[in-house]
Structures are given as structure tokens and as C-alpha cells.
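Student: Please take me closely through one part of this model and follow its connections outward into the rest of the fold. I would like each term to come with its cut-offs.

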Amino acid sequence: MTGQFWDIPRRLTSAPVVVGVDGSDAARAALLWAARVALDRERELCIAYGLDLDSARRVFNCYDISEPAVLQRVRAHGLEVAAREALAVRETLPELRVSTEISSEHPARMLARHSATAYLTAVGPHGTGGFTGHLGSVALSVAARAEGPIVVVRADSGAPDGPRSSGPVVVGIDGGPVSEAAVATAFEEASERDAELVAVHAWSDLTFGSFAGDPYTWFPTSEIEVNEEAILAERLAGWQEKYPDVRVRRHITIADPGPHLRQWSDIAQLIVVGSHGRGGFRGLLLGSVSNSLVQHANCPVMVVRPGRGPSDRDYS
């Protein structure tokens with residue numbers, strides 16, 4: 001267990017829960033999920049809308065459209081959406097502190113900026129489309145570049161009431177420094193939710209079934225599992241001491257953690273993963289496992305990306 005200097009800003013009592021909205025149903029689901037978290041954690045909820053005025057100007061200038069009048073309508077639409085979403089939250093949770101922000105920034109840039117100081121930042125998996133509301137691309141971009149925890153609020157398609165509030169918290173562990181931050185956050189979430197924590201550990205990212213009819217013919221699986229159980233126990237020991245109230249279940253898989261975590265998403269209330277795994281390619285801002293979960297999981301996915309400095313920011 002290591003120190004958590006990476007997440008000091010979110011420990012401040014003033015750190016809000018931030019949620020991006022665009023007027024879509026998916027964004028509304030993310031809004032209500034974030035509102036419940038903010039209320040439970042006694043945090044302010046900040047409802048943020050990114051206008052992306054630079055993109056709007058580029059479109060309008062191509063067609064010689066009167067820019068000031070159109071941009072004024074874009075701003076008015078943003079104000080209307082934010083006010084409507086704030087009203088929906090206040091009617092449902094009147095005791096919650098709510099604020100709104102209308103930014104001229106691209107939504108991804110706006111939410112990534114907030115993530116540096118927010119308790120957590122939430123976004124829907126897809127939006128309305130168009131330059132004033134494209135949270136689909138935004139979800140992937142923010143998950144890849146944020147400095148603090150990002151939650152893409154996905155829900156089981158068979159759950160009409162939105163994301164489930166029961167079931168375990170599941171964390172993907174590969175033993176690297178990025179997953180250490182994910183483990184820390186997962187323990188905290190499990191403790192806050194009074195939920196069981198399922199620690200899923202894959203000892204390799206390879207899919208051995210792609211190379212042979214019997215995927216494990218050439219591997220001493222029993223020996224591997226014993227060794228990996230010991231490694232996982234060691235990785236969890238310090239956090240179990242810090243969070244003695246959290247019940248932990250360990251799950252070892254020999255390879256390819258993505259499908260296993262997607263299966264867990266059918267019953268989990270939250271999956272926590274690092275932004276990238278042990279592959280080590282700096283250019284791959286979002287790892288294959290976290291990328292897949294953000295797009296295909298059946299529950300909210302929290303992506304934890306520690307240690308991001310100003311020089312790492314890139315929104316191009």
C-alpha cells in the first residue's frame with residue numbers, strides 16, 4: 001500500500017461532484033447518479049455544460065452565418081439545459097446543494113479541467129450528437145485524459161430505473177502502479193456503499209485461446225494460480241487493514257481480464273479500473289480493458305488515472 005498524494009485535491013471538503021450534461025437521456029441518468037453520490041457524501045453537485053464555441057465558430061464561418069446571433073442562441077440553449085437539469089435534481093433531492101456552470105470550452109476539456117479538483121466527475125456514455133452535445137466522444141476523451149476519477153455512468157439495458165444501487169464493487173487489478181490507485185479508490189467506494197469488494201486479477205493480458213485449441217495446455221495453471229493468489233493477497237493486505245469493514249472476494253483469471261470484468265458488470269453496482277494497464281505504451285492514453293468497459297459495461301465504470309501533470313494534457 002502506498003501513499004495517496006495523487007488524490008489530495010478530492011479529499012478537500014469543498015471538492016464537488018461534477019457531472020457533464022447535454023440534455024440527453026443518457027446525461028440525465030448520469031446526472032441523477034451523480035446527485036445521489038453527492039448527497040450521500042455530503043458534497044455539492046456541479047452541473048456543467050460545455051458549449052464548444054470554437055467548433056461552432058468554425059462551422060458558422062464556413063457558411064458566412066451571422067456569428068453573434070447564432071452564438072447567443074447557443075449560449076441560451078446551454079443555460080436552458082443546465083437550468084432544467086438543476087430543477088430536476090432539486091425537485092428529486094431538495095436538500096442537495098446544486099450549482100451550474102456554462103463554459104465556452106469543449107465538453108471534454110471542461111470536464112478534464114474539473115477532474116483535477118473534483119471529488120469525482122461523471123458523464124453519460126453517449127449524448128445527443130452535434131457540436132453542442134456529444135458526450136459519446138467526450139466520455140472516452142475525458143476517461144483517457146482526466147486527472148481525477150471519472151465515472152462513465154453506464155446502465156444495464158434491462159434496468160429502466162437506471163444504474164443499480166446494489167451488488168458488489170468490482171476492481172480490476174494487474175499489480176502495477178496504476179491499479180494501485182484503482183484499488184485504493186475501490187476500497188473507499190465499497191466502504192461508502194457498504195458493499196462487497198470483488199478483486200479481479202489477471203496474471204496476463206494475453207488470450208491464450210487464440211493460439212491453441214486448449215488454451216491452457218502448455219501452462220501449469222495450478223502453480224500459476226497459487227503464485228497469483230499470493231501476489232493478490234499481498235496487494236490487498238494493506239488496504240484491508242485500512243478498511244476492515246469491507247468484505248473482499250478474490251477472483252483470479254489466467255488471462256484476458258476484459259471479458260471477466262464485463263461479466264461482473266451484469267451484477268456490479270460499480271467497476272473500478274486504472275486508465276491503462278501494464279503494457280506501458282505512453283501513447284495509449286486509455287488501456288484496452290478500460291476502453292472496452294467504458295463502451296460496453298452494464299454498470300457505471302470508474303476510471304482512475306493518477307499522477308497526471310500539466311505537461312500530459314492533450315485535447316487535440
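Tutor: In helix α5, the buried residues are P107, A108, M110, L111, A112, H114 and S115, where buried stands for under 20% relative accessible area, exposed for over 50% and partly exposed for what lies in between, with a 1.4 Å probe and protein chains only. Because 7 of the 9 residues of α5 (residues 107-115) are buried, this helix is largely enclosed by the rest of the structure. Helices (H or I, at least four residues) and strands (E, at least two) are DSSP runs that are numbered from the N terminus. The model is a predicted one, in which local features need pLDDT of at least 70 and side-chain atom pairs count only at pLDDT 80 or more, while totals for chains, interfaces and linings use all residues. Residues are numbered from 1 along each chain as its sequence is written, and side-chain values use heavy atoms, with hydrogens and water left out.

From α5 the path leads to strand β3, which holds E101. The side chains of E101 and H114 are joined by a polar contact of 2.7 Å, that is, a pair of N or O atoms within 3.5 Å of which, within protein, one must be able to donate a hydrogen and the other to accept it, residues adjacent in sequence counting only if both atoms are side-chain atoms. If residues up to four places away in sequence are not counted, E101 touches M110, R113 and H114, and also C46, I47, A48 and Y49; contact here means heavy atoms within 4.5 Å.

The residues C46 to Y49 just named bring us to strand β2 (residues 45-50), where 6 of 6 residues are buried. Both faces of β2 are covered, with L45, I47 and Y49 on one side and C46, A48 and G50 on the other. On one flank, 6 bridges join β2 to β3 (residues 98-103) in the parallel sense, with I47 opposite T100 and G50 partnered by S103. On the other flank, 4 bridges join β2 to β1 (residues 17-20), again parallel, and V19 has I47 as its bridge partner. Between β1 and β2 the chain passes through helix α2 (residues 25-40) in a right-handed β-α-β crossover, a handedness that applies if, with the strands pointing away from the viewer, the path from the first strand over the helix to the second runs clockwise. In general, strands of a sheet pair through backbone hydrogen bonds, either parallel or antiparallel; two strands are taken as paired here if DSSP finds at least two bridges between them.

These strands belong to an open sheet of 10 strands with mixed pairing, in the order β3-β2-β1-β4-β5-β10-β9-β6-β7-β8. Its edge strands are β3 and β8 (248-253), each of which pairs on one side only. Neighbouring strands of this sheet are turned by 20 degrees against each other on average, direction ignored; axes are lines fitted to C-alpha atoms, for helices over the stretch in contact, and angles run from 0 to 180 degrees between N-to-C directions. Helix α2 lies across β1, β2, β4 (120-123), β5 (150-152) and β9 (270-274), and runs at about 175 degrees to β1. Helix α10 (residues 288-296), in turn, lies across β5, β9 and β10 (301-304), at about 150 degrees to β9.

Further along that order comes β6 (residues 169-173), whose 5 of 5 residues are buried: V169, V171 and I173 point one way, and V170 and G172 the other. Strand β6 pairs in the parallel sense with β7 (residues 197-202) over 5 bridges, G172 having V200 as its partner, and with β9 over 3 bridges, also parallel, where V170 is matched with I271.

For the wider setting, the protein has 10 helices and 10 strands, and buried residues make up 51% of its 316 residues. Of its contacts with a separation of 6 or more, 79% come from residues 24 or more positions apart. The protein exposes about 14,600 Å², of which carbon and sulfur atoms supply 52%; accessible areas come from the Shrake-Rupley method with a 1.4 Å probe, and for residues only the protein chains shown count as cover.
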